[in-house]
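Welcome! Please keep the sequence and the 3D view open while you read this briefing, and look up each residue as it comes along.

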Protein chains: 4
Amino acid sequence: MSASTIHDRQQQVKHQAAQEAIYEAALEVIGRPDFKGLRVQDVARQASIATGTLYNYFKNKEDLLFYVDRRLHETVLGRIQEISSRPEPASRRLNDILEAIFEVVGRHRAVFDLAERSGIPDKKPVEEGRTLLGSATACFEKVLADGMAEGRFRSVDARRTSRILLHAIVGIFETHKYLKDYDYGPSRRDLLALVEDYLQPV
Amino acid sequence: MSASTIHDRQQQVKHQAAQEAIYEAALEVIGRPDFKGLRVQDVARQASIATGTLYNYFKNKEDLLFYVDRRLHETVLGRIQEISSRPEPASRRLNDILEAIFEVVGRHRAVFDLAERSGIPDKKPVEEGRTLLGSATACFEKVLADGMAEGRFRSVDARRTSRILLHAIVGIFETHKYLKDYDYGPSRRDLLALVEDYLQPV
Amino acid sequence: MSASTIHDRQQQVKHQAAQEAIYEAALEVIGRPDFKGLRVQDVARQASIATGTLYNYFKNKEDLLFYVDRRLHETVLGRIQEISSRPEPASRRLNDILEAIFEVVGRHRAVFDLAERSGIPDKKPVEEGRTLLGSATACFEKVLADGMAEGRFRSVDARRTSRILLHAIVGIFETHKYLKDYDYGPSRRDLLALVEDYLQPV
Amino acid sequence: MSASTIHDRQQQVKHQAAQEAIYEAALEVIGRPDFKGLRVQDVARQASIATGTLYNYFKNKEDLLFYVDRRLHETVLGRIQEISSRPEPASRRLNDILEAIFEVVGRHRAVFDLAERSGIPDKKPVEEGRTLLGSATACFEKVLADGMAEGRFRSVDARRTSRILLHAIVGIFETHKYLKDYDYGPSRRDLLALVEDYLQPV
DNA sequence: CATGAATGAGCATTCATTCAT
DNA sequence: GATGAATGAATGCTCATTCAT
């Protein structure tokens with residue numbers, strides 16, 4: 001390992017730290033109660049840097065938004081993956097995953113909304129969305145399969161069920177937005193109850 | 001009934017006819033393959049009127065969007081209501097309702113997308129959304145209740161099932177947008193299969 | 001001729017009048033002693049219109065610059081053409097043409113400079129430049145040919161002489177810019193003297 | 001001569017070497033086929049130095065441009081001077097000088113264009129331009145005078161002729177830019193032919 | 001009622017220059 | 001001397017809405 005590599009690594013770490021700081025500044029700005037639209041200057045000021053500096057770490061505003069969007073999705077996925085592999089009963093994990101998803105997405109609702117309004121879903125590479133959904137579905141499948149193996153769940157098509165479960169979760173966020181009702185609790189419990197009813201061994 | 005009233009009615013009819021024409025122009029414009037964003041001028045030109053004239057029929061651009069959004073949702077709801085009261089087996093009606101929803105929403109995908117990106121869901125009166133969702137849920141409930149009465153469906157919580165069903169439908173649209181996959185067929189069949197599995201009499 | 005045509009014509013006249021006013025405003029702004037660079041807002045303010053209004057008459061800033069550049073070149077060419085066809089001795093016309101060119105270009109020096117610095121020559125259609133130069137050359141040729149016919153000039157290659165004459169004129173502007181000497185008189189007289197010496201009948 | 005002086009000289013040489021390297025890097029950058037505008041960073045990178053380092057050798061970007069412009073003009077002038085003092089017939093030297101000028105300027109067209117678009121002519125010290133033009137004119141004068149002494153050229157005002165000749169050369173570059181025609185050959189031959197015709201002994 | 005020209009606020013991005021290391 | 005990250009000013013263009021005709 002040469003001195004050059006050490007230097008390069010230090011640079012890389014600094015670069016990531018700066019990105020991280022800007023990312024957090026963006027979350028702050030977007031989450032403000034009076035937030036109207038994302039202005040680069042606001043993010044820069046929140047991060048205590050000059051606007052031009054921000055452009056050393058993100059190609060442009062859209063690039064920043066992509067990053068924010070990706071980071072949040074990764075956060076959610078990370079929670080799902082972590083919980084799904086816990087050594088606990090399947091139904092408990094199912095419940096915890098739902099709680100985690102609704103908690104994280106609910107907390108950053110404004111960010112997800114902004115990403116959607118900015119057309120991020122349209123612009124992000126399909127592959128990225130596919131991978132994300134695939135990974136999330138896989139976690140649900142694993143939990144369902146475990147539950148069936150445990151004999152706690154009756155035998156159903158785990159993949160299909162997982163996919164529809166994910167659709168329902170996404171739909172809950174969308175529907176509640178229409179109702180401006182951000183207490184996802186009832187819907188989450190409804191969903192869980194229905195799933196458990198569906199999976200009830202005969 | 002005075003002459004004034006007759007005149008008023010004529011006015012009202014003309015007013016609605018104009019709104020209708022503008023609504024259709026908006027659908028045309030939004031549906032264009034190269035559509036980027038909704039410009040009032042484009043709608044006016046498509047409707048063959050002056051921009052100023054449009055403002056005689058809609059308070060502002062947002063108002064027009066609300067109208068478009070509402071009309072489309074009413075169209076979908078209308079289809080759901082019509083099908084749900086047909087004298088046919090519940091499972092047939094369930095299938096037809098799903099087909100109808102996916103067909104109409106799919107056809108006007110660009111419009112729903114635009115409404116969402118414009119923040120219409122956030123801004124429209126809660127009551128309107130609640131009523132719409134309530135009506136749609138009621139249709140599903142009716143069909144499910146009929147199916148149970150017929151003995152074709154096992155007995156489940158019809159309201160809860162209807163709500164989750166609706167969430168799942170909404171979620172399918174959202175998820176497919178992420179995947180830029182606008183063939184809703186597979187997801188629709190997955191959903192129907194799962195529901196029928198769930199409702200299978202023991 | 002229909003009413004529509006009358007209306008259209010009126011529109012066209014108004015449109016041209018507006019373009020003309022903006023053109024003059026641009027000349028004013030560019031000619032200011034403290035002029036640094038062309039800002040659309042400055043032109044609009046000088047023309048007493050809003051910035052947006054300017055964009056009803058010119059597609060963008062570059063478009064305005066093209067217009068200004070073309071108008072000025074046409075002005076110069078117009079002067080050349082008018083003088084070259086006067087019923088006067090060739091040498092008198094030659095002198096007057098030179099005086100006219102140096103007068104007009106000198107007066108709008110800042111505009112020509114700006115056009116050049118903005119890369120207008122690079123971007124304008126070659127054909128336009130070719131036509132302009134061709135027309136100017138033709139005027140010189142005519143005068144030279146007339147002078148030869150009159151027996152006042154000795155017989156030389158009129159086209160070649162005209163072309164070089166034009167190059168020399170252009171070069172004088174360029175050279176004087178280097179010297180920041182905007183009294184073109186001496187060079188103009190040098191040029192005329194040399195030409196007359198060259199054309200002196202044996 | 002003290003040690004200090006030796007050190008100073010070494011410093012000076014190193015300084016000039018660095019300037020030279022940066023100058024060449026600038027020529028490279030400006031000459032790139034996709035060159036759009038001169039960015040200090042691009043020059044620094046081409047010269048394999050940091051941007052800040054460049055500022056140790058040039059006060060600012062304009063200063064660098066002045067240097068580039070001056071060096072190129074000196075190059076051209078050097079060619080002119082060298083050729084003008086060759087022991088050859090005047091008309092041969094005249095031809096060679098023209099060929100040399102058009103060759104060098106043609107090769108570095110992009111640089112001259114940039115200098116002009118950057119307003120270098122306006123900003124550079126008058127004295128420098130005057131000296132340059134004076135020297136070039138002197139070379140032409142010398143050649144013309146030699147030609148007259150040789151009896152190969154008829155007797156004309158050598159200074160005036162030289163000045164106009166220079167103007168015409170400059171004008172040719174300018175005119176061809178308008179026409180986006182970078183084959184100076186025809187104009188150069190036209191010019192030479194006209195001059196020789198003018199100087200033809202009776 | 002219809003017209004459509006005029007309005008003007010609002011914001012991303014670049015890049016020459018500096019200066020702490 | 002060398003480095004290169006940080007700075008921040010500066011500006012063209014869009015488009016919803018108005019209102020005089």
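Chain A of this predicted model has ten helices and zero strands as its secondary structure. Read from the N terminus on, its elements run α-α-α-α-α-α-α-α-α-α. If you draw a box along the principal axes, the C-alpha atoms of chain A fill roughly 65 × 50 × 25 Å.

**How helices pack in chain A**

Two packed helices are described by the angle between their axes and the distance between the axes. Here are two pairs to find.

- Start with helix α4 (residues 61-84) and helix α8 (residues 126-150) of chain A: their axes come within 9 Å and cross at roughly 15°.
- Angles under 35 degrees count as roughly parallel, and α4(A) and α8(A) are therefore roughly parallel to each other.
- The crossing in which α4(A) passes α8(A) is left-handed.
- On the α4(A) side, the contact is made by A:Arg70, A:His73, A:Leu77, A:Ile80, A:Gln81 and A:Ser84. On the α8(A) side, the residues are A:Glu128, A:Leu132, A:Ser135, A:Ala136, A:Cys139, A:Lys142 and A:Val143.
- Sorted by class, the contact of α4(A) with α8(A) has six nonpolar, four polar and three charged residues.
- Now turn to helix α5 (residues 90-107) and helix α10 (residues 185-199) of chain A, which pack at an angle of about 155° with their axes 11 Å apart.
- Angles over 145 degrees count as roughly antiparallel, and α5(A) and α10(A) are therefore roughly antiparallel to each other.
- The crossing in which α5(A) passes α10(A) is right-handed.
- From α5(A), the residues A:Ser91, A:Leu94, A:Asn95, A:Leu98, A:Glu99 and A:Phe102 take part. They meet A:Arg188, A:Leu191, A:Leu192, A:Val195 and A:Glu196 in α10(A).
- The contact of α5(A) with α10(A) divides into six nonpolar, two polar and three charged residues.

**Around DNA strand E**

- Which residues come nearest to DNA strand E? Of the 29 residues around this strand, they are A:Tyr55, B:Thr53, C:Ala50, C:Thr53 and C:Tyr57.
- Sugar and phosphate make up 71% of the atoms of DNA strand E that come within 4 Å of the protein.
- An N or O atom in the side chain of A:Tyr55 is 2.8 Å from a phosphate oxygen of DNA strand E.
- Backbone atoms take part as well: a polar backbone atom of D:Lys61 is 2.8 Å from a phosphate oxygen of DNA strand E, and one of A:Val40 is 3.5 Å from a phosphate oxygen of this strand.
- The elements that give two or more residues to the surface near DNA strand E are α3 (51-57) of chain A, α3 (51-57) of chain B and α3 (51-57) of chain C.
- By class, the surface near DNA strand E has twelve nonpolar, 13 polar and four charged residues.

**Around DNA strand F**

- DNA strand F is surrounded by 29 residues, and the closest are A:Thr53, A:Tyr57, B:Lys61, C:Tyr55 and D:Thr53.
- For DNA strand F, sugar and phosphate account for 72% of the atoms that come within 4 Å of the protein.
- A backbone N or O atom of A:Ala50 lies 2.8 Å from a phosphate oxygen of DNA strand F.
- Side chains reach this strand too: a polar side-chain atom of D:Tyr57 lies 3.0 Å from a phosphate oxygen of DNA strand F, and an N or O atom in the side chain of C:Arg39 is 3.4 Å from a phosphate oxygen of DNA strand F.
- Two or more residues of the surface near DNA strand F come from each of α3 of chain A, α3 of chain C and α3 (51-57) of chain D.
- The residues of the surface near DNA strand F divide into twelve nonpolar, 13 polar and four charged.

**Chains that do not touch**

- How far apart are the closest C-alpha atoms of chain A and chain C? They lie 23 Å apart, and no contact joins the two chains.
- Chain B and chain C are also without a contact, and their closest C-alpha atoms lie 14 Å apart.

Key:
Residues numbered from 1 in each chain as written. Chains lettered and ligands numbered in written order. Predicted model: local features only at pLDDT ≥ 70, side-chain atom pairs only at ≥ 80, totals over all residues. Heavy atoms only, no water. Near = heavy atom within 4 Å. Polar contact = N/O pair within 3.5 Å; in protein donor to acceptor, adjacent residues only side chain to side chain. Helix = DSSP H or I, 4+ residues; strand = E, 2+ residues; numbered from the N terminus. Nonpolar A, V, L, I, M, F, W, Y, C, P; charged D, E, K, R; others polar. Axes fitted to C-alpha atoms, helices over the stretch in contact; angles between N-to-C directions. Parallel < 35°, antiparallel > 145°, perpendicular 65-115°, else oblique. Left-handed = near helix turned anticlockwise from the far one by under 90°. Contact = heavy atoms within 4.5 Å.
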